[in-house]
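I opened the notebook to work through one model, from its charged pairs to its sheet and core. The entries follow the order in which I looked things up.

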Amino acid sequence: HEGVVLGYTAIVDPEAFGWRAEAFVDLFCDGDMSAAAVRDAVATEPGVISAHTVAGEASAVLHVMAEDTKALELALERIRATPGVTRTVTQVVLSTLFTR
């Protein structure tokens with residue numbers, strides 16, 4: 001089928017980049033903040049691996065990686081300082097069972 005394969009990717013070991021802290025972050029934003037504005041708010045943060053708009057209470061869910069928990073904390077502080085972002089709820093990953 002045409003359009004089935006969207007691309008190819010390499011899966012790298014995060015620790016090879018020195019990333020040992022990982023979290024999933026619920027991002028809460030002002031009600032009038034568009035998806036594009038949410039993307040622009042987090043796209044420049046290097047530790048944000050992916051960002052997804054979601055249905056539910058949160059405006060978006062972020063996958064964030066950092067060198068350590070201190071660097072993760074600083075990244076979250078920068079994200080929360082973005083105009084339109086009202087708060088975050090962070091779930092720190094303890095272990096990864098599998099990825100696909």
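**Entry 1. Glu73 and its partner.** I began with Glu73, which is partly exposed at a relative accessible area of 37%. I then looked for a charged partner and found Lys70, in a salt bridge whose closest N and O atoms are 3.5 Å apart. Both residues sit in helix α2, three residues apart, so about one helical turn separates them. I note that this is a predicted model.

**Entry 2. Confidence.** I checked how far the model can be read. The mean pLDDT of the protein chain is 89, and 87% of the residues score at least 70. Where pLDDT is low, the predicted coordinates should not be read in detail. I also looked up the values by element: helix α1 (residues 35-43) has the lowest confidence, with a mean of 94, and β3 has the highest, at 97.

**Entry 3. The other salt bridges.** How many salt bridges does a search of the whole structure find? The search returns three. Side chains of opposite charge can pair when their charged atoms come close. Beyond the pair in Entry 1, I found Arg78 with Glu45, where the closest N and O atoms are 2.6 Å apart. Arg78 belongs to helix α2 and Glu45 to the loop between α1 and β2, so this pair ties together parts that lie 33 residues apart in sequence. I compared the surroundings of the two partners: Arg78 is partly exposed at a relative accessible area of 45%, while Glu45 is buried at 9%. I also logged Arg39 and Asp40, whose side chains meet in a salt bridge at 3.4 Å, N to O. Arg39 is partly exposed, and its relative accessible area is 49%.

**Entry 4. Secondary structure.** I counted two helices and four strands in the protein chain. Along the sequence they follow the pattern β-α-β-β-α-β.

**Entry 5. The sheet.** In what order do the four strands lie in the sheet? I read β2-β3-β1-β4, an open sheet with antiparallel pairing. The edge strands are β2 (48-53) and β4 (85-92), each of which pairs on one side only. On average, neighbouring strands are turned by 20 degrees against each other, direction ignored.

I then went through some of the pairings. β1 (residues 21-29) runs antiparallel to β4 and is joined to β4 by seven bridges. I picked Phe24 as a register mark; its bridge partner in β4 is Gln91. β2 and β3 pair in the antiparallel sense over five bridges, and there I noted Thr53, whose bridge partner in β3 is Ala60. β2 and β3 form a hairpin with six residues between them. In the turn, I found Gly56 with a positive phi of about 125 degrees.

**Entry 6. Helix against sheet.** I looked at what helix α2 (residues 69-80) lies across, and listed β1, β2, β3 (60-66) and β4. The helix runs at about 155 degrees to β4.

**Entry 7. The core.** I looked up the largest nonpolar core and found 18 residues in it. Leu27, Val42, Leu62 and Leu72 have the most contacts inside this core. β1, α1, β3 and α2 each give two or more residues to the core. Which element gives the largest share? It is β1, with five residues.

I followed Leu27 further. Leaving out residues up to four places away in sequence, Leu27 touches ten listed neighbours, among them Val38, Val42, Ala60, Leu62, Ile79 and Val85.

**Entry 8. Val85.** Val85 is found in strand β4. Is Val85 buried or exposed? Val85 is buried, with a relative accessible area of 9%. With residues up to four places away in sequence again left out, Val85 touches Leu27, Phe28, Cys29, Met33, Ile79 and Arg80. I also took the distance from Val85 to Ser59: the two are 26 residues apart in sequence, and their C-alpha atoms are 9.4 Å apart.

**Entry 9. Whole-chain totals.** I closed with two totals. Buried residues make up 30% of the 100 residues in the protein chain. Of the contacts with a separation of 6 or more, 69% are between residues 24 or more positions apart.

Conventions
Residues are numbered from 1 along each chain as its sequence is written. This is a predicted model: local features need pLDDT of at least 70, side-chain atom pairs count only at pLDDT 80 or more; totals for chains, interfaces and linings use all residues. Side-chain values use heavy atoms; hydrogens and water are left out. Two strands pair if DSSP finds at least two bridges between them. Axes are lines fitted to C-alpha atoms, for helices over the stretch in contact, and angles run from 0 to 180 degrees between N-to-C directions. Contact means heavy atoms within 4.5 Å. pLDDT is the predictor's confidence in each residue, from 0 to 100. A salt bridge is a side-chain nitrogen of Lys or Arg within 4 Å of a carboxyl oxygen of Asp or Glu. Buried means under 20% relative accessible area, exposed over 50%, partly exposed in between (1.4 Å probe, protein chains only). A nonpolar core is a set of buried Ala, Val, Leu, Ile, Met, Phe, Trp, Tyr and Cys residues joined through side-chain atoms within 4.5 Å.
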